[in-house]
Amino acid sequence: MKGLVFHGPGQSAWEQVPDPTVQDPTDAVVRVKAVTICGTDLHILKGDVPEVAPGTVLGHEAVGEIVEVGSDVRTVRPGDEVLVSCITACGRCRFCRQGMYGQCLGGGGWILGHRIHGTQAEYVRVPFADLSVHPLPAGLSGQDAVLFADIFPTAYEVGVLNGSVRPGDTVAVVGAGPIGLAAIRAAQLYTPERIIAVDLADSRLDAAKRLGADAVVAVRDDPEQLVADLTDGLGADVVIEAVGVPESFELSTRMVRPGGHVANVGVHGKPATLHLEDLWIKNVTLTTGLVDTSSTPTLLRMAAAGRLPTSSMVTHTFPLDLMEEAYDVFGRASETGALKVVLGEPRHDTLAVPAAA
Ligand SMILES: NC(=O)c1ccc[n+]([C@@H]2O[C@H](COP(=O)([O-])OP(=O)(O)OC[C@H]3O[C@@H](n4cnc5c(N)ncnc54)[C@H](O)[C@@H]3O)[C@@H](O)[C@H]2O)c1
Ligand SMILES: [Zn+2]
Ligand SMILES: [Zn+2]
């Protein structure tokens, strides 16, 4: 088969690799029908995730068909259409027993496209298949379903749930990339009074508006002042940090009201300053986290029921073998307007995300 192989910083290629097979009785092999590229894959290519060994097939999000299962797999069988979660789970360790699959101690966690071969290929081996793939509900297209492998559970669990969004809240989302946009969608489930999106790029702010942000503000236009003006000077009840750089984290902690929540989602490569000299008196709750994907079954059911419109955040589609071109389009998002690119479909550029339903 072919797969997108990482060959060290700055180097990757769509090339011939061995077909995956069942190695452990809890494995499944999935034929990939839709797969996407994550900002984290770009971090890996930049060399920011040094534990990824050269020779690894990248990718941790997919939809596909089960083609083979090991003798201990109970919940899926060949022919089933499934979502492959970005997190795999042994189901037995201390953390899995609490639904904290991201922290799995039994060989799961974030391993696909990280510690083992991933989903950006024609086939992928998924360990611990019973807890790591989800049967697809009817009525959800593969292109939309693939958004539930990573970005929607991340935005919902690490952003909206950790941030404790409640009805009537003012929610500020810092960073309107795919994760921030999904957080805007997921926060709407709780009927906040308003959602304010902050980004550097006007194209991302436009997308935030289309996905339902009530106000958008560029970093250069003083987001702190806008949040203060809209909240009688108090600040936001919840700030969701969806960037991962010191500036955005520190901005988030300046925009939160006393007693409010800052939910950090961004992956940080550098230290950020926690200004306790300002924050100690404000009763602020700060949360961090890697996604567990424990919410995925619920989110899939809600999406199938039309309760969580993704307004397809997919701006570009490609056949699988145009993986290198898809990486190029996704990697130049500020020029190409890409949000999510999906492979495994005929080639198409929609560019604009349709308006919120
Ligand atoms: N915690 C988790 O489990 C988890 C899971 C998946 C992704 N992530 C992380 O979430 C973050 C967002 O992911 P994404 O795919 O949306 O990334 P992205 O790079 O596509 O989007 C980030 C957005 O932030 C904007 N931005 C950059 N600097 C900014 C600043 N100083 N202030 C405001 N906005 C700024 C960019 O213009 C961009 O639109 C990344 O750090 C990613 O690695 C975390
Ligand atoms: Zn990801
Ligand atoms: Zn475990």
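In the predicted model described here, K2 stands opposite Q16 in strand β2. This pair belongs to the antiparallel pairing of β1 and β2, which extends over 5 bridges. The two strands form a hairpin with 5 residues between them, and G8 in the turn adopts a positive phi of about 105°. Strand β1 (residues 2–6) is mostly covered, with 4 of its 5 residues buried.

At the level of the whole chain, the model is divided into domain 1, comprising 2–150 + 293–349, and domain 2, comprising 155–287. The centres of the two domains, taken over C-alpha atoms, are separated by 27 Å. Across the boundary, 13 residues of domain 1 are in contact with 12 residues of domain 2. On the domain 1 side of this boundary, helix α1 (residues 39–46) provides the largest share, 3 residues, and the class composition of that side is 4 nonpolar, 7 polar and 2 charged residues.

An open sheet is formed by 6 strands in the order β10-β9-β8-β11-β12-β13, with parallel pairing. Strands β10 (215–218) and β13 (285–287) stand at the edges with a single partner strand each, so that one side of each is left without a neighbour in the sheet. From one strand to the next the twist averages 15°. Within this arrangement, strand β11 (residues 236–241) is joined to strand β12 (residues 256–264) by 5 bridges, the two strands running parallel, and V239 has V262 of β12 as its bridge partner. Helix α7 (residues 223–230) lies across β8 (170–174), β9 (194–199), β10 and β11, and runs at about 170° to β9.

Ligand 1 is surrounded by 30 residues, of which G39, G175, G177, G244 and V267 come nearest. The shell draws at least three residues from each of domain 1 and domain 2, and by class it has 16 nonpolar, 10 polar and 4 charged residues. Several secondary-structure elements supply at least two shell residues each, namely α1, α4 (151–161), α5 (178–187), β9 and α8 (246–255). Helix α1 therefore appears both in this shell and on the side of domain 1 that touches domain 2. The greatest contribution to the shell is that of α5, with 3 residues.

Helix α5 was also examined for burial. Of the 10 residues of α5, 10 are buried, so that the helix is largely enclosed by the rest of the structure. Its buried residues include R185 alongside P178, I179, G180 and L181. The elements covering the buried residues of α5 include α4, β8, β9, α6 (202–210), β11 and β15 (340–343).

Backbone conformation was considered next. Most residues other than glycine have a negative phi. Against this background, F128, although not a glycine, has a positive phi of about 50°, and T293, likewise not a glycine, has a positive phi of about 60°. F128 is found in the loop between β6 (123–126) and α2 (129–132), whereas T293 is found in the loop between β13 and α10 (296–304). Both positions are enclosed: F128 is buried, with 25 other C-beta atoms within 10 Å, and T293 counts as buried because it has 29 C-beta neighbours inside 10 Å, the criterion for burial being 20 or more.

A further loop position is that of A149, which is placed between α3 (142–145) and α4. With 29 C-beta neighbours inside 10 Å, A149 also counts as buried. Leaving aside neighbours within four places in sequence, A149 is in contact with E61, A62, L83, V84, S85 and C86. A149 and E345, which are 196 residues apart in sequence, are 17 Å apart in space, C-alpha to C-alpha.

Notes
Residues are numbered from 1 along each chain as its sequence is written. Chains are lettered from A and ligands numbered from 1 in the order in which they are written. This is a predicted model: local features need pLDDT of at least 70, side-chain atom pairs count only at pLDDT 80 or more; totals for chains, interfaces and linings use all residues. Domain bounds come from an automatic or database domain assignment. Two residues are in contact if their C-beta atoms, placed from the backbone, lie within 7 Å. Ala, Val, Leu, Ile, Met, Phe, Trp, Tyr, Cys and Pro count as nonpolar, Asp, Glu, Lys and Arg as charged, and the others, Gly among them, as polar. Two strands pair if DSSP finds at least two bridges between them. Axes are lines fitted to C-alpha atoms, for helices over the stretch in contact, and angles run from 0 to 180 degrees between N-to-C directions. A residue is near a molecule or strand if its C-beta atom, placed from the backbone, lies within 6 Å of it. A residue is buried if 20 or more other C-beta atoms lie within 10 Å of its own, exposed if 12 or fewer, and partly exposed in between; C-beta atoms are placed from the backbone.
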